[in-house]
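I opened a fresh page for this chain. My plan was to look up charges, surface patches and backbone angles, and to write down what I found.

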Amino acid sequence: GAPPAGPGGAGAAARRWSALLSPLLLVPLLARPAGALVEGLYCGTRDCYEVLGVSRTAGKAEIARAYRQLARRYHPDRYRPEPGDEGLGRTPQSAEEAFLLVATAYETLKDEETRKDYDYMLDHPEEYYSHYYHYYRKRLAPTVDVRIVILVSVCAISMFQFFSWWNSYNKAISYLATVPKYRIQATEIAKQQGLLKKAKEKGRNKKSKEEIRDEEENIIKNIIKSKIDIKGGYQKPQIRDLLLFQIVLAPFHLCSYIVWYCRWIYNFNIKGKEYGEEERLYIIRKSMKMSKSQFDSLEDHQKETFLKRELWIKENYEVYKQEQEEELKKKLANDPRWKRYRRWMKNEGPGRLTFVDD
């Protein structure tokens with residue numbers, strides 16, 4: 001007879017059986033449905049073509065006709081069981097389920113793209129997860145065109161920009177109308193042009209004193225608007241500065257910049273021409289890291305000083321920058337508020353705990 005297996009032989013046999021059974025145990029975990037019709041996709045385990053009673057080669061008209069017939073038959077409000085009615089629709093509850101299934105089948109087959117995905121699922125049942133992805137991606141996709149959302153958002157932002165800028169501009173004009181320097185000049189111009197006299201004659205016996213005063217105030221403000229060019233953050237709003245027009249004109253600005261840059265390289269780097277006043281101010285502005293609106297808001301005498309000191313030359317600008325920093329330090333050193341702040345930082349500072357009674 002065969003010798004009895006020892007402990008070592010039994011262990012080896014167990015390991016061999018484990019090696020053979022391991023792949024078999026993994027099969028249920030990795031298994032996918034063999035058929036294309038699965039619950040949760042389209043018509044579930046029912047074939048959408050069979051639900052409507054049409055073939056896969058049926059056209060749109062035939063599919064629509066079959067849907068209308070079945071929808072009338074299984075509509076919950078109109079359903080009446082027929083003799084020999086089997087399968088779907090045997091009871092009012094099942095008739096409602098049948099109606100929903102017919103509607104789902106029609107929604108699946110009436111759209112060419114959805115029908116193409118469904119036919120692909122029937123022909124390639126092994127691509128299980130891919131079918132789930134395409135199905136739910138289409139169902140959960142936003143119904144509104146993203147381009148329309150972007151356009152509406154840009155228009156809303158542009159309108160907010162315009163009204164915000166216009167409000168800031170009116171605030172600046174109202175403030176300037178209270179400054180004696182500008183108010184006196186505007187009043188003199190209004191008197192010379194006879195605008196204030198006309199307002200009083202026009203409003204006599206017809207308007208109250210407050211209405212006449214408001215009209216005169218508007219005349220002064222309009223004169224200030226026409227005579228003063230406000231720059232910077234309170235300048236008069238321009239349509240071309242809005243986000244919508246900036247986006248529309250972006251290709252034009254890009255082409256213009258490319259042409260300008262090429263001319264700059266050709267004229268000053270290749271041909272070695274001298275900088276003009278505009279080019280010198282541009283280099284100074286870039287050295288100061290200021291935007292165009294910020295630089296334009298500077299006084300003319302400041303720009304003349306920049307040109308006289310030839311700040312477009314790097315060495316001259318470095319000297320000017322050092323002078324400005326030293327001047328700022330002197331001002332801060334002599335400023336009482338800055339002295340108090342430094343004394344507080346030295347003696348106490350932020351985060352220091354003290355137990356002073358006062």
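My entries follow, sorted by topic.

**Entry 1: What kind of model**

I noted at the start that this is a predicted model. I kept that in mind for every entry below.

**Entry 2: The record**

I looked up the UniProt record next. Its entry is unreviewed, and it places the feature "transmembrane region" at residues 146-166 and 243-262. I then checked both spans in the model. Residues 146-166 are 100% helix and 0% strand. The end C-alpha atoms of that span lie 30 Å apart. For residues 243-262 I found 95% helix and 0% strand. Here the end C-alpha atoms are 27 Å apart.

**Entry 3: Salt bridges**

How many salt bridges does the count come to? I got eight. I followed up three pairs.

I began with R56, which forms a salt bridge with D123. The closest N and O atoms are 3.1 Å apart. The two partners sit in distant parts of the chain, 67 residues apart. R56 is in the loop between α2 and α3, while D123 is in helix α5. I also checked how open they are to the surface. R56 has 37% relative accessibility and D123 has 46%. Partly exposed runs from 20% to 50%, so both residues fall in that class. I found that R56 and D123 also belong to a network of salt bridges, together with D119.

My second pair was E112 and K60, with the closest N and O atoms 3.4 Å apart. E112 lies in helix α5 and K60 in helix α3, so this salt bridge ties together parts that are 52 residues apart in sequence. Is E112 buried or exposed? I read a relative accessible area of 57%, so E112 is exposed.

The third pair was K292 and D296, whose side chains meet at 3.1 Å, N to O. Why are they separated by about one helical turn? They are four residues apart in helix α14, and that is the reason. K292 is exposed at 54% relative accessibility. D296 is partly exposed at 25%.

**Entry 4: Charged patches**

I turned to the surface and looked for gathered charges. I found a patch of positive charge made of R65, R68, R72 and R78. I picked R68 for a closer look. R68 sits in helix α3, which covers residues 60-74. Its relative accessible area is 44%, so R68 counts as partly exposed.

I found a patch of negative charge too. Which residues gather there? I listed E277, E278, E299, D300 and E304. Helices α13 and α15 are the elements that give two or more residues to this negative patch. I looked up E277, and it lies in helix α13. With 54% relative accessibility, E277 counts as exposed.

**Entry 5: A nonpolar patch**

I also searched the surface for nonpolar side chains. I found a patch of about 460 Å², made by I239, F245, V248, L249 and F252. Where is I239 found? I traced I239 to the loop between α10 and α11. At 42% relative accessibility, I239 is partly exposed.

**Entry 6: Backbone angles**

Last, I checked phi. Most residues other than glycine have a negative phi. I therefore wrote down two residues with positive values. K289 is not a glycine, yet its phi is positive, at about 55 degrees. I placed K289 in the loop between α13 and α14. Its relative accessibility is 75%, so K289 counts as exposed.

E310 is a residue other than glycine as well, and its phi is positive, near 55 degrees. E310 lies in the loop between α15 and α16. Is E310 exposed or partly exposed? I read a relative accessible area of 35%, so E310 is partly exposed.

Notes. Residues are numbered from 1 along each chain as its sequence is written. This is a predicted model: local features need pLDDT of at least 70, side-chain atom pairs count only at pLDDT 80 or more; totals for chains, interfaces and linings use all residues. Side-chain values use heavy atoms; hydrogens and water are left out. Patches are made of residues with over 30% relative accessible area and no salt bridge: like charges are joined within 9 Å, nonpolar side chains (Val, Leu, Ile, Met, Phe, Trp, Tyr) within 5 Å. Accessible areas come from the Shrake-Rupley method with a 1.4 Å probe; for residues, only the protein chains shown count as cover. A salt bridge is a side-chain nitrogen of Lys or Arg within 4 Å of a carboxyl oxygen of Asp or Glu. Lys and Arg count as positive and Asp and Glu as negative; His and the chain ends are not counted. The place of a charge is taken as NZ of Lys, CZ of Arg, CG of Asp or CD of Glu. Buried means under 20% relative accessible area, exposed over 50%, partly exposed in between (1.4 Å probe, protein chains only). UniProt positions are given in the numbering used here, feature names are shortened, and annotations may be inferred rather than shown by experiment.
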